[in-house]
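I opened this entry to keep a record of what I looked up, and in what order. The headings below follow the places I visited.

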Protein chains: 2
Amino acid sequence: MNFLEERILKDGIVKPGSVLKVDSFLNHQMDIALIDQIGKEFYRRFADKPVTKVLTIESSGIAIACSVAREFGVPMVFAKKSKSVNIDGEAYVAEVESFVQKKKNLVIVSKKFLRADDHVLIVDDFLANGCALQGLISLVEAAEATVEGLGIAIEKGFQDGGYRMRNLGYQLESIAIIESMDEKTGEITFR
Amino acid sequence: MNFLEERILKDGIVKPGSVLKVDSFLNHQMDIALIDQIGKEFYRRFADKPVTKVLTIESSGIAIACSVAREFGVPMVFAKKSKSVNIDGEAYVAEVESFVQKKKNLVIVSKKFLRADDHVLIVDDFLANGCALQGLISLVEAAEATVEGLGIAIEKGFQDGGYRMRNLGYQLESIAIIESMDEKTGEITFR
């Protein structure tokens, strides 16, 4: 069992509706030492890639993305959620559906910060149905840049996002993959 | 002139309506080395305070708050913007008006992560009219915790947030204070 799986067992809480609360260390209160360990682990797994930029989506991916970008020595860019398309043509736009909030958001990134010669490592805290990742991939593709890989802290293996991303040929690295969660007993099983 | 003022002169862009765009290094694309330098500078300025937690508000404060929290060796907590009050009583809630977006948001923080014995350093990327800071201070006060200081990367000295915060007796440390900006010439003057 790795460091993140151990921490999930220690402090994660299973809630009804396939929700795993990790807000005491990953996405509300942040344990910076853990976040940095996640950053170093992604660097180890993608060290052979010519990464020029780390891309994530606000808000809870930002801390992890900073730590990864520090390891690679490259800038971090976070896509912003938006209600309306900024129609000045200065931004790439994609549509993302949130699993937890059950609503659609637009995500945008300024064209200045994704260029055709960029090699992008996309990171996020969670992967469930993959809609956020799909949106981020669309942004990179719109810029004609290269997706070098997908780094996820916690993948819900019982939803199909990971399956779809691997099927599309992306190198998807999830540090903890949850096989199942029992909301009655609170038991968590990793793949 | 300090490191952040130099960077603002080099890469900041003055836009109509007293808007300073620093999205190439501070709040859309992030220069991690610069963010870490900001974190170390806040640590230097608040090193004598018994800080137990760093608090910010999503999204653009998160990167800076991570770097500060790393220096102090304490957790970072970010308040979340919300449309609706979560009425399960598990969160502290405050109202914040955004200067740029001209709209009101609720900001919430889980009661689990702010406790009466916490000594909180509040940080953010920008200070204009101080509404975001006021909201964060309200959250700390609701928890009966102690505000140890306010750390701001860029203060707009021509708006009254900084004046009000210092008048209230808080130790407010802004790394760059903008005295004036000329949207015609693009000239920026620091205090």
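These are my notes on the predicted model, beginning with the contact between the chains and ending with single residues.

**Interface between the chains**

I started with the side of chain B that touches chain A, and I found 22 residues of chain B in contact with 22 residues of chain A. I then asked which elements of chain B give two or more residues to this side, and the list that came back was strand 3 (29-30), helix 2 (32-45), helix 3 (62-72) and strand 5 (76-82). The largest share, five residues, comes from helix 3 of chain B. When I sorted the side of chain B that touches chain A by class, I got twelve nonpolar, five polar and five charged residues.

**Helix 3 against helix 3**

Since helix 3 of chain B gives the largest share, I looked next at how it meets helix 3 (residues 62-72) of chain A, and I noted that the two axes come within 9 Å and cross at roughly 65 degrees. I recorded the crossing of these two helices as right-handed. On the chain A side the contact is made by Ile62(A), Ala63(A) and Cys66(A), and on the chain B side by Ile62(B), Ala63(B) and Cys66(B). By class, the residues of this contact are six nonpolar, with no polar and no charged residue among them.

**Strand pairing across the chains**

I also checked for strand pairing between the chains, and I found strand 3 (residues 29-30) of chain A paired with strand 5 of chain B in the antiparallel sense, over two bridges. For Met30(A), the bridge partner in strand 5 of chain B is Met76(B).

**Helix 2 of chain B**

Helix 2 of chain B, which is on the list of elements at the interface, has 14 residues and reaches 20 Å from its first C-alpha to its last, close to the 20 Å expected at 1.5 Å a residue. I listed its buried residues as Ile32(B), Leu34(B), Ile35(B), Ile38(B), Gly39(B), Glu41(B) and Phe42(B), and I marked Glu41(B) in that list as a charged residue.

**Lys111(B)**

I placed Lys111(B) in the loop between strand 7 (103-110) and strand 8 (119-127) of chain B. Why does Lys111(B) count as partly exposed? I found 14 C-beta neighbours inside 10 Å, and Lys111(B) is classed as partly exposed because that count falls between the limits of 12 for exposed and 20 for buried. Leaving aside neighbours within four places in sequence, I found Lys111(B) in contact with Glu90(B), Ala91(B) and Tyr92(B). I also noted a separation of 9.4 Å between the C-alpha atoms of Lys111(B) and Leu139(B), which are 28 residues apart along the chain.

**Backbone geometry**

I looked up the cis peptide bonds last but one, and in chain A I found one joining Glu58(A) and Ser59(A), with omega about -5 degrees. Ser59(A) is in the loop between strand 4 (53-57) and helix 3 of chain A. In chain B, a cis peptide bond joins Glu58(B) and Ser59(B), with omega about 0 degrees, and Ser59(B) is in the loop between strand 4 (53-57) and helix 3 of chain B.

I closed with Glu144(A), which has a positive phi of about 60 degrees although it is not a glycine, and which I found in the loop between helix 4 (131-142) and strand 9 (146-156) of chain A. Glu144(A) counts as exposed because it has 11 C-beta neighbours inside 10 Å.

Key:
Residues are numbered from 1 along each chain as its sequence is written. Chains are lettered from A and ligands numbered from 1 in the order in which they are written. This is a predicted model: local features need pLDDT of at least 70, side-chain atom pairs count only at pLDDT 80 or more; totals for chains, interfaces and linings use all residues. Two residues are in contact if their C-beta atoms, placed from the backbone, lie within 7 Å. Helices (H or I, at least four residues) and strands (E, at least two) are DSSP runs, numbered from the N terminus. Two strands pair if DSSP finds at least two bridges between them. The expected span of a helix is 1.5 Å times one less than its number of residues. Axes are lines fitted to C-alpha atoms, for helices over the stretch in contact, and angles run from 0 to 180 degrees between N-to-C directions. A crossing is left-handed if the near helix is turned anticlockwise from the far one by less than a right angle, and right-handed if clockwise.
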